[in-house]
Amino acid sequence: SGVAVQWAILYMSIVILTMVGLMRVVAEGGMYWFQLHVGPFHLARLAGLAGTSNPATAGALASLMPTHSVLFLETKDFLAPAVLNSFKMQDETRASRRTFHTTVILAILATMIVSVIVILLLGYEKGVDRGNRWFWTGGPRSLLDQTMRLVSGVGLKADTGWTGYLYAIGAAWVILSILMRRRFFWWLHPIGFAMIANPLATHLWFSFFLGWIFKKLTVKYGGRHMYAKIRPFFIGIILGEVLSCFFWSVVANVFEMQIRVDINRYNPHPY
């Protein structure tokens with residue numbers, strides 16, 4: 001997209017570091033939805049690298065915003081759970097790296113082809129104005145508006161006086177928590193500090209609590225063998241919810257009905 005090499009490297013470096021950190025959140029905390037309000041564009045704004053005073057930099061960042069939108073702004077597109085689940089499947093199936101990665105790549109390509117075809121059919125047959133507002137209109141318009149504000153410099157003023165101190169305090173607290181956790185088991189786990197930053201945690205905490213209490217009771221009174229036996233039941237509950245959302249979305253589309261069945265827990269939209 002005409003992005004200078006140095007800005008592309010800087011962007012990918014921040015993204016990779018962020019992704020690795022959030023993978024720890026997924027692996028240790030099970031957080032599969034995550035919204036992070038700090039990223040390359042936020043840091044560029046605080047550093048004064050965006051806006052009309054830096055047109056070249058702003059143009060490069062604007063070219064990267066669509067990619068960033070796909071990878072991070074939609075909570076269910078978060079890559080960390082998918083990557084970790086892939087490693088788990090490879091470990092359980094004992095497949096060779098070549099066979100497994102070939103299968104994953106083919107699955108991604110098949111999903112992309114089917115998705116593009118279905119989106120085009122729905123868009124032309126039903127009309128985008130009759131579809132989900134966020135998917136068809138709200139999301140794309142929001143991305144274009146954010147890109148315009150980044151390039152033009154509108155709304156980019158920020159109080160940077162305490163920003164460096166806040167980042168330093170956050171980093172120091174995480175390091176201290178890790179060291180204390182290794183020395184004292186009762187010390188608060190630093191992963192909770194990252195979870196607090198996720199605004200979606202307020203909608204997910206009770207589901208995590210139920211999963212924890214069921215697992216705790218099963219392991220305590222039934223042992224690991226009982227846990228292995230009843231685990232498929234709970235996996236089936238999750239799969240059943242996903243399939244029900246798919247089924248009712250098809251019914252709503254075929255009969256042109258509005259049915260409030262959605263995988264989202266924070267803001268359900270009718271189909």
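Hi everyone, let's start with the fold: this chain comes to 9 helices and 0 strands. Read along the sequence, the pattern is simply α-α-α-α-α-α-α-α-α. Please keep in mind that we are looking at a predicted model.

A few overall values first. The chain has 271 residues, and 23% of them count as buried. The chain exposes about 19,200 Å², with carbon and sulfur atoms supplying 69% of that area. As for contacts with a separation of 6 or more, 62% of them join residues that are 24 or more positions apart.

Now let me take you to helix α5, which covers residues 97–126. How far does this helix reach from its first C-alpha to its last? Its 30 residues reach 42 Å, close to the 44 Å expected at 1.5 Å a residue. Within α5, the buried residues are F100, G123 and K126. And what do they pack against? Their partners are α4, residues 79–93, then α6, residues 133–152, and also α9. Just after α5 comes G127, with a positive phi of about 95 degrees.

Let's step over to helix α4, where we find Q90. Is Q90 buried or exposed? Q90 counts as buried because its relative accessible area is 13%, under the 20% cut-off. Leaving aside neighbours within four places in sequence, Q90 is in contact with A95, S96, R97, F100 and H101. F100 is a name you have just heard, as one of the buried residues of α5.

Helix α4 also brings us to charge pairs. How many salt bridges does a search of the whole structure find? The search finds 1. K88 forms a salt bridge with E92, and the closest N and O atoms are 3.6 Å apart. The two residues are 4 apart in helix α4, so about one helical turn separates K88 from E92. K88 itself is partly exposed, at a relative accessible area of 45%.

On to the aromatics. Searching the whole structure gives 9 aromatic pairs. One of them is F209 with W212, a tilted pair at 6.2 Å centre to centre, with 35 degrees between the planes. Both residues lie in helix α9, 3 residues apart, or about one turn of the helix. F209 has a relative accessible area of 38%, so F209 counts as partly exposed. For another geometry, take F247 and W248: this pair is edge-to-face, 5.0 Å centre to centre, with 75 degrees between the planes. Here F247 is partly exposed at 47% relative accessibility, and W248 is partly exposed at 37%. There is an aromatic cluster to look at too, formed by W173, F184, W186 and W187.

Last stop, the surface. Which residues form the nonpolar patch that has about 940 Å² of accessible area together? They are W205, F206, F209, L210, W212, F214, F233, F234 and I237. You will recognise F209 and W212, the tilted pair from a moment ago. I237 is in the patch as well, and I237 lies in helix α9, which covers residues 201–254. Why does I237 count as partly exposed? Because its relative accessible area is 47%, between the 20% and 50% cut-offs.

That's my tour, folks. Thanks for listening, and I'm happy to bring any of these spots back up on the screen.

Definitions and conventions:
Residues are numbered from 1 along each chain as its sequence is written. This is a predicted model: local features need pLDDT of at least 70, side-chain atom pairs count only at pLDDT 80 or more; totals for chains, interfaces and linings use all residues. Side-chain values use heavy atoms; hydrogens and water are left out. Patches are made of residues with over 30% relative accessible area and no salt bridge: like charges are joined within 9 Å, nonpolar side chains (Val, Leu, Ile, Met, Phe, Trp, Tyr) within 5 Å. Accessible areas come from the Shrake-Rupley method with a 1.4 Å probe; for residues, only the protein chains shown count as cover. A salt bridge is a side-chain nitrogen of Lys or Arg within 4 Å of a carboxyl oxygen of Asp or Glu. Buried means under 20% relative accessible area, exposed over 50%, partly exposed in between (1.4 Å probe, protein chains only). Contact means heavy atoms within 4.5 Å. The expected span of a helix is 1.5 Å times one less than its number of residues. Rings of Phe, Tyr and Trp (its six-membered ring) pair if their centres lie within 6.5 Å; planes under 30 degrees apart count as stacked, over 60 as edge-to-face and the rest as tilted.
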